[in-house]
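Reader: I should like to go through this structure with you and hear the reasoning behind each label attached to it. May we begin once it is on display?

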Amino acid sequence: MPADNIPGPEDYPDTVGDRPKYHVDKACHIGSGHFGAVYGGFFGKGALRKEVAIKFEKQTSHHNGFRESWYERDVLQMMDGKGCPHVYWSGRKGDRRIIVM
């Protein structure tokens, strides 16, 4: 981790999820803030390749001890992609909560 305690691309996994595996494109940093970071990613190959956004939130985030990301996930799943991102996968890896959308 860099000296200023801001996680860099090397602090995030290369893949998340099980089937399919979502590949994190660490060169595609979309944004970051107090919640964690969002990177571009993809799953599938060739003509079936689908681009996604992958949101990482560290367990020690400052807001509501982790509950907001699961609430966010639940709301996005209820909306089912109508006017908002579709949730492809959510889970944990190490000390991070992850939402693929």
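Reader: Which residue in β6 stands opposite S90?

Author: In this predicted model, the residue opposite S90 is I99 in β6.

Reader: What makes β5 and β6 a pair of strands?

Author: Pairing requires at least two bridges between the strands. β5 is joined to β6 (residues 96-100) by 5 bridges, so the criterion is met, and the two run antiparallel.

Reader: What makes β1 and β5 edge strands?

Author: The open sheet consists of 6 strands in the order β1-β2-β3-β4-β6-β5, with antiparallel pairing. β1 (15-16) and β5 (89-93) each have a single partner strand, so one side of each lacks a neighbour in the sheet. Along the sequence, the pattern reads β-β-β-β-α-β-β, with 1 helix beside the 6 strands.

Reader: How do you know that β1 counts as paired with β2?

Author: The requirement is at least two bridges, and 2 bridges join β1 to β2 (residues 22-33), so the pair qualifies. One of the bridge partners is Y22 in β2, which faces V16. The two strands form a hairpin with 5 residues between them, and G17 in the turn has a positive phi of about 80°. The loop between β1 and β2 also contains P20, and the peptide bond leading from R19 to P20 is cis, with omega near 0°.

Reader: How many bridges support the pairing of β2 with β3?

Author: There are 7 bridges between β2 and β3 (residues 36-43), in the antiparallel sense. H29, for example, stands opposite Y39 in β3. These strands also form a hairpin, with 2 residues between them.

Reader: Why is Y12 called buried?

Author: A residue is buried under 20% relative accessible area. Y12 has 5%, so the term applies. Y12 lies in the segment before β1 and touches P7, K26, A37, Y39, F56 and R96, leaving out residues up to four places away in sequence. The C-alpha atoms of Y12 and V24 are 8.4 Å apart, although 12 residues separate the two along the chain.

Reader: Why is the ring pair of Y12 and Y39 called tilted?

Author: Planes under 30 degrees apart would count as stacked and those over 60 as edge-to-face. The planes of Y12 and Y39 stand at 55°, so the pair falls into the tilted class, and the ring centres, 5.4 Å apart, satisfy the limit of 6.5 Å. This pair links distant parts of the chain, with Y12 in the segment before β1 and Y39 in strand β3, 27 residues apart. Y39 is buried as well, at 3% relative accessible area.

Reader: What class does the pair of Y12 and F56 belong to?

Author: The planes of Y12 and F56 are at 40° and the ring centres 4.7 Å apart, so this pair is tilted too. F56 belongs to strand β4 and lies 44 residues from Y12. At 0% relative accessibility, F56 counts as buried. Y12, Y39 and F56 form one aromatic cluster, and the structure holds 5 aromatic pairs.

Reader: What makes a group of residues here a nonpolar core?

Author: The members must be buried residues of certain kinds, Tyr and Phe among them, joined through side-chain atoms within 4.5 Å. The largest such core has 12 residues, including Y12, Y22, V24, Y39, F56 and V100. β2, β3, β4 (50-58) and β6 each supply at least two residues of this core. A second, separate core of 6 residues includes V38, A53, L76 and V87. Over the whole protein of 101 residues, 36% count as buried.

Reader: Why are C28 and C84 called partly exposed?

Author: That class lies between 20% and 50% relative accessible area. C28 is at 31%, so it belongs there, and C84, at 22%, does so as well.

Reader: How many disulfides does the structure hold?

Author: The structure holds 0 disulfides. A pair of cysteine sulfur atoms would have to lie within 2.5 Å to be counted.

How values were computed
Residues are numbered from 1 along each chain as its sequence is written. This is a predicted model: local features need pLDDT of at least 70, side-chain atom pairs count only at pLDDT 80 or more; totals for chains, interfaces and linings use all residues. Side-chain values use heavy atoms; hydrogens and water are left out. Helices (H or I, at least four residues) and strands (E, at least two) are DSSP runs, numbered from the N terminus. Buried means under 20% relative accessible area, exposed over 50%, partly exposed in between (1.4 Å probe, protein chains only). Contact means heavy atoms within 4.5 Å. Rings of Phe, Tyr and Trp (its six-membered ring) pair if their centres lie within 6.5 Å; planes under 30 degrees apart count as stacked, over 60 as edge-to-face and the rest as tilted.
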